[in-house]
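This report describes helix packing and burial in one protein model. The sequence and structure are shown first.

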Amino acid sequence: METISSIAKRLNVTNGRIYQIIKEIPADKQPKKDAKGKYNFTEESVEAIESYYNSLSSPKTDNESDLVKQLRADLEDAKAEIKAKNNQIDKFQQLLDQQQRLNLSTNRQNEKLLDTTTNNTPSQDDRPLQNDDTDVLKPTEGNYYKGKETKTPKKGLFGWMRR
């Protein structure tokens, strides 16, 4: 005596799927219900269910294989795109490094130019500022340790302003 559960286990589907198949097969091959509403399966009805399921499952595997092929192709495309993006990122990183080195060398050149322009002889307008009490190079109390000056002159982009 076959049951819905035993047929479902054999076909590796759910009980609900067996009910759907029963509705789809021709009426003359469908199993009959008893007084309690349970299906009475004959060999002919079981074979009809199995053949119907097998006819559905074979095209499904073809569709699944096509789907798998499409997904693999999409995956390969995505990998190629990621590789191209990584190459672009590497090129942009190199350009950024080059830009930073150029900025650094430009800043150093600007500092050298500012240092050389401040070493010129002072004009009449600059002379009163040289005697200002805020001059960093002027020795003050605490700048000397055993006769040696402990402060070093400030250098940098605006070092010329401190002189």
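## Helix packing and the nonpolar core

The side chain of S45 lies 2.8 Å from the backbone oxygen of T42, a polar contact (a pair of N or O atoms within 3.5 Å; within protein, one must be able to donate a hydrogen and the other to accept it, and residues adjacent in sequence count only if both atoms are side-chain atoms). The model is predicted: local features need pLDDT of at least 70 and side-chain atom pairs count only at pLDDT 80 or more, while totals for chains, interfaces and linings use all residues. Residues are numbered from 1 along each chain as its sequence is written, and side-chain values use heavy atoms, with hydrogens and water left out.

S45 belongs to helix α3; helices (H or I, at least four residues) are DSSP runs numbered from the N terminus. S45 counts as buried because its relative accessibility is 1%, where buried means under 20% relative accessible area, exposed over 50% and partly exposed in between (1.4 Å probe, protein chains only). Leaving aside neighbours within four places in sequence, S45 is in contact (heavy atoms within 4.5 Å) with K29, Q30 and P31.

The largest nonpolar core (buried Ala, Val, Leu, Ile, Met, Phe, Trp, Tyr and Cys residues joined through side-chain atoms within 4.5 Å) has 15 residues, of which I7, L11, I18, I22, F41 and I49 touch the most other members. Two or more residues come from each of α1 (4–11), α2 (15–24) and α3 (43–118). With neighbours within four places in sequence set aside, I7 is in contact with E2, I18, F41, V46 and I49.

The buried residues of two helices are listed with the arc they cover, taken from the directions from the helix axis to the C-beta atoms.

| Helix | Buried residues | Arc around the axis |
|---|---|---|
| α1 | I4, I7, A8 and L11 | 100° |
| α2 | I18, I21 and I22 | 105° |

The arc of only 105° puts the three α2 residues on the same side of that helix; on the other side of α2, K23 and E24 are exposed. After α1 comes N12, whose phi is positive, near 60°.

α1 and α2 pack at an angle of about 100°, with their axes 9 Å apart; axes are lines fitted to C-alpha atoms, for helices over the stretch in contact, and angles run from 0 to 180 degrees between N-to-C directions. The two helices, α1 and α2, are therefore roughly perpendicular to each other (65 to 115 degrees). I4, S5, I7, A8 and L11 of α1 and N15, I18, Y19 and I22 of α2 make the contact.

Technical notes: Parallel < 35°, antiparallel > 145°, perpendicular 65-115°, else oblique.
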